[in-house]
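Q: Please take a close look at the surroundings of the ligand in this model. I would like one connected account of the residues there and of the parts behind them.

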Amino acid sequence: QRLPELLRRMPKAELHMHIEGSLEPELIFALARRNGVSVPYADVEALRKAYAFSNLQSFLDIYYAGASVLLTEQDFYDMAWAYLQRAAADNVVHTEMFFDPQTHTARGVAVETVINGLHRACVDAQAQLGVSALLILCFLRHLSEREAFETLEQALPFRDKFIGVGLDSSELGHPPEKFAQVFARCRELGLRLVAHAGEEGPPAYVWSALDVLKVERIDHGVQSVKDPALMQRLAQDRIPLTVCPLSNLKLCVFPDLAQHNLGALLDAGLVATVNSDDPAYFGGYVNQNFTETFAATGLGARQAWQLAANSFEGSFIDASAKRAYM
Ligand code: ADE
Ligand code: ZN
């Protein structure tokens, strides 16, 4: 019982979670009622039953449907505040939250509404929970680079409310280099850069995220183990991998948690971290990811401390604050 207790109590940073993926079925129904939006499921239980996925796309279809109840600034605030309270309960002292503006602008919700609601929750989290929270704007990779540029344009008036950009949604068939120009522009603007790569996609996508997009972290990256030269590059440059074990399990990236390669990534000297990805859909928040993965793989206290240190090293908090945590 001492290891689960350590995992829960150790201070940690969360670097890979999609705020729309923290929408619990209860909140989906509450917001649907508040906004007069219909949900194609009878009740919370029926919706939760639909959370059985075979791959990334089967999840994304239901995740985008769930997000359709979000309309007002208060909706975005309430969603983020619910997550930030859960994060605080898991001893997350710093979190970097992804948001998908295109999922909302496509329904006529202004970027301003999205960003202002989320940002207000971040401000309140620092003041009321002692949790520092930053926002990362993600481009949807199944859409075009031109649409990513339009989204960037719409978001730039609120540039001070997000620290960076990422790339998410359907990976296969949408390699990072599709977004070379928009990432180059974001780099010029001084935004921090991350991208999902090597979740379902090949090591080549991790290489192009690094060499073409010039990202500072790789989200997931678990397919990197198939390429020894890539593993060497990730270790040498201390490129953090934001790994999400329960997500990988639920999206059938690994057949069971005992076969997850988190331990192998750590053994290879990579800056791997543990994160929840879409906690409302994948069966748990960050501490659940730690406790289930450690129980299944036999990782121990040494790896626990390493993962906590990695989470701060990989974060975008400034260097002096980072040292205080590590
Ligand atoms: N959007 C939300 N969760 C995602 C994931 N695991 N991969 C890609 N896009 C996502
Ligand atoms: Zn993700």
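A: The account below begins with the ligand shell, turns to the annotated positions, and ends with the nonpolar core and one helix.

The model is predicted, with local features requiring pLDDT of at least 70 and side-chain atom pairs counting only at pLDDT 80 or more, while totals for chains, interfaces and linings use all residues. Residues are numbered from 1 along each chain as its sequence is written, and chains are lettered from A and ligands numbered from 1 in the order in which they are written.

The shell around ligand 1 consists of H18, G21, L56, Y63, D168, S169, H196, E199, S247, D277 and D278; a residue is near a molecule if its C-beta atom, placed from the backbone, lies within 6 Å of it. By class, this shell holds 2 nonpolar, 5 polar and 4 charged residues. Here Ala, Val, Leu, Ile, Met, Phe, Trp, Tyr, Cys and Pro count as nonpolar, Asp, Glu, Lys and Arg as charged, and the others, Gly among them, as polar.

An unreviewed UniProt entry gives "binding site" for H16, H18, H196 and D277. These positions are spread over 262 residues of sequence, yet they cluster in space, with a largest C-alpha distance of 11.7 Å. The unreviewed entry also lists D278 as "binding site". UniProt positions are given in the numbering used here, feature names are shortened, and annotations may be inferred rather than shown by experiment.

H16 belongs to strand β1 (residues 12-18); helices (H or I, at least four residues) and strands (E, at least two) are DSSP runs, numbered from the N terminus. H16 counts as buried because it has 32 C-beta neighbours inside 10 Å. The term buried requires 20 or more other C-beta atoms within 10 Å of a residue's own, with C-beta atoms placed from the backbone. Leaving aside neighbours within four places in sequence, H16 is in contact with D219, T242, C244, N275 and D277, where contact means C-beta atoms, placed from the backbone, within 7 Å.

H196 is located in strand β5 and is buried, with 30 C-beta neighbours inside 10 Å. With residues up to four places away in sequence not counted, H196 touches L167, D168, E171, D219 and H220. D278 sits in the loop between β8 (272-274) and α14 (279-282). This aspartate, D278, also counts as buried, as 26 C-beta neighbours lie inside 10 Å. Under the same sequence exclusion, D278 touches H18, G21, Y63 and S247.

The next topic is the nonpolar core. In soluble globular proteins, nonpolar side chains tend to be buried together. The largest nonpolar core has 92 residues, and A80 and L118 have the most contacts inside it; such a core is a set of buried Ala, Val, Leu, Ile, Met, Phe, Trp, Tyr and Cys residues joined through C-beta atoms within 7 Å. Beyond four places in sequence, L118 touches I19, F76, A80, F99 and L135. L135 is found in strand β3 and is buried, with 22 other C-beta atoms within 10 Å. Its contacts beyond four places in sequence include M97, F99, L118 and F162.

Finally, helix α9 (residues 180-188) has V182, F183 and C186 as its buried residues. They lie on the same side of α9 because they cover an arc of only 100° around the axis, the arc being that of the directions from the helix axis to the C-beta atoms. Among the elements covering these buried residues are β3 (132-140), α8 (145-155) and β5 (192-197).

Terms used
A residue is buried if 20 or more other C-beta atoms lie within 10 Å of its own, exposed if 12 or fewer, and partly exposed in between; C-beta atoms are placed from the backbone. Two residues are in contact if their C-beta atoms, placed from the backbone, lie within 7 Å.
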